Amino acid sequence: MACILHIETSTNVCSVAVSEDGQCIFEQSAHGDKGAGAEQLGTMVDEALSFTDNHAIPFDAVSVSCGPGSYTGLRIGISMAKGICYGRDLKLLAVPTLELLCVPVLLRHPELEENALLCPMLDARRMEVYAALYDRSLKTVREVKADIVGADTYRQWLDERPVYFFGNGAQKCMETIQHPNAHLIEGIEPLAKWMQPLAEKRFLNDQFEDVAYFVPFYLKDFVAIKPKPLL
C-alpha cells in the first residue's frame, strides 16, 4: 500500500493528513471564515512532512481535493500539492470533493437503507449549491451540477427512495425540499483524513494527474465582486 499526503482546502475547513497502509497516521485541520483556514496550510504541510521524514516514511503520492468548492481554497490547495510533487518527484492524485463528503457518511452510518441515495451539497450562495447524487457504492446517479434548489429539484429520486443530504449547503435546503424521503445528516465536512480510501483506489488504478496541467474543477466561472466603497 502507498504512503500518501492528503490536502483538502475546498471549504472554510483546511486540513492535511497522511495515510500509510490504509491507515491515517497524521492529521490536522483548521477552521476559518471564507477559506481563511487555508492560511495555515503551509504550517500543517510542513508538520506532516516533518512527521514522515522523522519516521523515515517515504511518500508515494500527494492527493488533493479538486472541487467543486471555494475558488481561492482550491487554488491554494492544488498549488501546494503541485509544489510538493515537483519538489519531491511525487505523483499527483485528484479526489472529487463531493465524493469525499460521502466517505464519512458511509463509514459512520451503516444503518442507511440499501437503496438509499447520497446527495452531498456544498454552499454556492443563496439557494444555490454544488451537488451530485451517488448510490452506496459511490456510483454516480446524477453528475455534479450547480443547483438552484426548489421543492421539485430532487423529486424524481425522492419519490422512489430515501435521499440523504449533507455538507455545508444541505441545511439551508431542507425547508425547501420538504419530502418524507428527504433526510439531513449534520456535521459532515470534507476532511483530508477521509481522502485515504478514494486516493488509494486511484493510486492502485494508476489514475494520476499531469502535475503541470492539472486545474481545479470549479464547475462555474469565477466572478469577481467589486467591493463596496467605504464612504
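## Exercises on a predicted model

At 31% relative accessibility, Arg155 counts as partly exposed. The model from which this value is computed is a predicted one.

**Exercise 1.** Determine which residues are joined with Arg155 into one network by salt bridges that share partners.

*Solution.* Begin with one pair: the side chains of Arg155 and Asp159 form a salt bridge, with N and O 4.0 Å apart. Next, look for shared partners: Asp152, Arg155 and Asp159 belong to one network of salt bridges. For context, the count of salt bridges comes to eight.

**Exercise 2.** Locate the partners of the salt bridge between Glu114 and Arg136, and classify each as buried, partly exposed or exposed.

*Solution.* The N to O distance between these side chains is 3.5 Å. Glu114 belongs to the loop between α3 and β6, and Arg136 to the loop between β7 and β8 (140–148); the pair thus links distant parts of the chain, 22 residues apart. For the classification, the cut-offs are under 20% for buried and over 50% for exposed. Glu114 is exposed because its relative accessible area is 69%. Arg136, at 24%, is partly exposed.

**Exercise 3.** Carry out the corresponding analysis for the salt bridge between Asp123 and Lys172.

*Solution.* The N to O distance is 2.4 Å. Asp123 is in strand β6, whereas Lys172 is in the loop between β9 and α5 (174–177); the two are 49 residues apart and link distant parts of the chain. Asp123 has 39% relative accessibility and therefore counts as partly exposed. Lys172 is partly exposed as well, with a value of 26%.

**Exercise 4.** Describe the largest nonpolar core: how many residues does it have, and which of them have the most contacts inside it?

*Solution.* This core has 33 residues, and those with the most contacts inside it are Val105, Leu118 and Phe166. Elements that each supply at least two of its residues include β2 (13–20), α3 (97–108), β6 (117–123) and α6 (196–204). The largest share, six residues, comes from α3. To examine one member, take Val105: leaving aside residues up to four places away in sequence, Val105 touches Leu112, Leu118, Phe166, Ile185 and Ile188. Another core, of 27 residues, lies apart from the largest one; Val16, Ile57, Phe59 and Val211 are among its members. As background, nonpolar side chains in soluble globular proteins tend to be buried together.

**Exercise 5.** Establish which residues of α6 are buried and what covers them.

*Solution.* The buried residues in α6 are Gln196, Leu198, Ala199, Glu200 and Arg202. Their cover includes β1 (3–8), β2, β4 (61–65), β5 and α3. Beyond the helix, α6 is followed by Asp206, which has a positive phi near 55°.

**Exercise 6.** Examine the backbone at Asp21, Leu138 and Pro68, and state where each residue lies.

*Solution.* Asp21 has a positive phi, near 50°, and is found in the loop between β2 and β3 (23–31). With a relative accessible area of 49%, Asp21 is partly exposed. Leu138 also has a positive phi, near 65°, and lies in the loop between β7 and β8. Leu138 is buried because its relative accessible area is 18%. Finally, the peptide bond from Gly67 to Pro68 is cis, its omega being near 5°; Pro68 is placed in the loop between β4 and α2 (71–88).

How values were computed. Residues are numbered from 1 along each chain as its sequence is written. This is a predicted model: local features need pLDDT of at least 70, side-chain atom pairs count only at pLDDT 80 or more; totals for chains, interfaces and linings use all residues. Side-chain values use heavy atoms; hydrogens and water are left out. A nonpolar core is a set of buried Ala, Val, Leu, Ile, Met, Phe, Trp, Tyr and Cys residues joined through side-chain atoms within 4.5 Å. Buried means under 20% relative accessible area, exposed over 50%, partly exposed in between (1.4 Å probe, protein chains only). Helices (H or I, at least four residues) and strands (E, at least two) are DSSP runs, numbered from the N terminus. Contact means heavy atoms within 4.5 Å.
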